[in-house]
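Welcome, and thanks for taking a look at this one with us. Here is a short tour of helix packing, cores and a few individual residues.

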Amino acid sequence: MVKIIIYAGLSIPFDEAIEILDSSDDIEVIYKRPIQRGDLNLAIKERPQIIAIIDGVFHQNSAVGHKEILNVINSGIEVFGASSMGALRASELDSLGMTGIGYVYNQYASGEVESDDDVAVMLDSETLQALSEPLINMKYVFENAVSEGILTEEEKDDLLSIAKKTYYPKRNYAQTLTESDLDNDKKDRLINFIRKSEDIKKEDAKELLEYIKNLVNS
């Protein structure tokens, strides 16, 4: 029996995660709320073979520490990260055995993104619903909008500058566009593009779950 512990609930809701990776005859999958400092000390006692970190707290409580993760890795447990806190920690610990997956991880690992503020969101602590937009998602969407000819590079940079200087709990597309100098026609085109764009943090979470699914079934 392979036991897997996954910290999620924000980048991808639990019901959607279970549709990709769920317990079966040979696999026990345990989903937990976003990780915080001290959680891994408890998780290691459950003797899992795999731990995946997708979501974690940043400012509400103390974030999961590097030494905690290294302790888990050194005990022989495979640790994966993606999407949010998992991507950030994986980029910092990939040379020491943590495996990162997806766009957000690659952004951190390449140095394109450095601050934990880029993946931070305000959330409802009960429902785990995001109440703001992560900067990493906005960066992904605005860069794609440049590729599609909707924005120029300069306009993209201006929008990201507005978003970056906004305190993360208040960061969203509406506020960013309101403060921008884009004309109304361009705003309308961009809004339509945003509505059709994928949530890259969720896509990374799906990719990680699929990766683990294939790993344990191979």
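Helices α6 and α9 are oblique to each other, since their packing angle is about 120° and oblique covers angles that are neither roughly parallel, roughly antiparallel nor roughly perpendicular, the last of these running from 65 to 115 degrees. Please keep in mind that this is a predicted model. The notes below begin with this helix pair and then move on to a second pair, the nonpolar cores and some single residues.

**Helix α6 against helix α9**

- The pair is made of α6, residues 135-147, and α9, residues 184-196, and their axes lie 10 Å apart.
- The crossing of these two helices, α6 and α9, is right-handed.
- On the α6 side, the contact is formed by Val 141, Phe 142, Asn 144 and Ala 145, which meet Leu 190, Phe 193 and Ile 194 of α9.
- Sorted by type, the residues of this α6 and α9 contact are six nonpolar, one polar and no charged.

**Helix α4 against helix α5**

- Helix α4 (residues 85-93) and α5 have axes that come within 8 Å and cross at roughly 40°.
- Like any angle that falls outside the other classes, which include roughly parallel at under 35 degrees, this one makes α4 and α5 oblique to each other.
- The crossing of α4 and α5 is right-handed.
- From α4, Ala 87, Leu 88, Ala 90 and Ser 91 meet Val 104, Tyr 105, Tyr 108 and Ala 109 from α5.
- The contact of α4 with α5 divides into seven nonpolar residues, one polar and no charged.

**Nonpolar cores**

- The largest nonpolar core holds 50 residues, and Leu 40, Ile 51, Ile 69, Phe 142 and Leu 190 have the most contacts inside it.
- Helix α6 is the element that gives the most to this core, namely eight residues.
- Two of those well-connected core residues should sound familiar: Phe 142 and Leu 190 also take part in the contact between α6 and α9.
- Which residues does Leu 40 contact, leaving aside its neighbours within four places in sequence? They are Tyr 7, Ile 35, Ile 51, Val 64, Glu 68, Ile 69 and Val 72.
- Another core, of 20 residues, lies apart from the largest one, and its members include Leu 21, Ile 50, Ala 52 and Leu 208.

**Buried residues around α6, α7 and α8**

- Asp 118 sits in the loop between α5 (102-109) and α6. With a relative accessible area of 7%, Asp 118 is buried.
- Beyond its neighbours within four places in sequence, Asp 118 is in contact with Tyr 108, Val 113, Pro 134, Leu 135, Ile 136 and Lys 164.
- Thr 176 belongs to helix α8, residues 173-179. Its relative accessible area is 1%, so Thr 176 is buried.
- Not counting residues up to four places away in sequence, Thr 176 touches Met 138, Leu 159, Ile 162 and Ala 163.
- Ala 163 is part of helix α7, residues 153-165. This alanine, Ala 163, is buried at a relative accessible area of 0%.
- With residues up to four places away again left out, Ala 163 touches Leu 135, Met 138, Arg 171 and Thr 176.
- The C-alpha atoms of Ala 163 and Pro 48 are separated by 39 Å, and the two residues are 115 residues apart along the chain.

**Glu 143 in α6**

- Is Glu 143, a residue of helix α6, buried, partly exposed or exposed? Its relative accessibility is 24%, so Glu 143 counts as partly exposed.
- Glu 143 touches Tyr 103 and Lys 156, not counting residues up to four places away in sequence.
- Glu 143 and Leu 177 are 34 residues apart along the chain, and 15 Å separates their C-alpha atoms.

**Two positive phi values**

- Most residues other than glycine have a negative phi, which makes the next two worth a look.
- Arg 47 has a phi near 55°, a positive value in a residue other than glycine. The loop between α2 (39-43) and β3 (50-53) is where Arg 47 is found.
- At 68% relative accessibility, Arg 47 is exposed.
- Ser 83 has a positive phi too, near 75°, and lies in the loop between β4 (78-82) and α4.
- Unlike the exposed Arg 47, Ser 83 is buried, with a relative accessible area of 0%.

Terms used
Residues are numbered from 1 along each chain as its sequence is written. This is a predicted model: local features need pLDDT of at least 70, side-chain atom pairs count only at pLDDT 80 or more; totals for chains, interfaces and linings use all residues. Side-chain values use heavy atoms; hydrogens and water are left out. Axes are lines fitted to C-alpha atoms, for helices over the stretch in contact, and angles run from 0 to 180 degrees between N-to-C directions. Helices (H or I, at least four residues) and strands (E, at least two) are DSSP runs, numbered from the N terminus. Angles under 35 degrees count as roughly parallel, over 145 as roughly antiparallel, 65 to 115 as roughly perpendicular and the rest as oblique. A crossing is left-handed if the near helix is turned anticlockwise from the far one by less than a right angle, and right-handed if clockwise. Contact means heavy atoms within 4.5 Å. Ala, Val, Leu, Ile, Met, Phe, Trp, Tyr, Cys and Pro count as nonpolar, Asp, Glu, Lys and Arg as charged, and the others, Gly among them, as polar. A nonpolar core is a set of buried Ala, Val, Leu, Ile, Met, Phe, Trp, Tyr and Cys residues joined through side-chain atoms within 4.5 Å. Buried means under 20% relative accessible area, exposed over 50%, partly exposed in between (1.4 Å probe, protein chains only).
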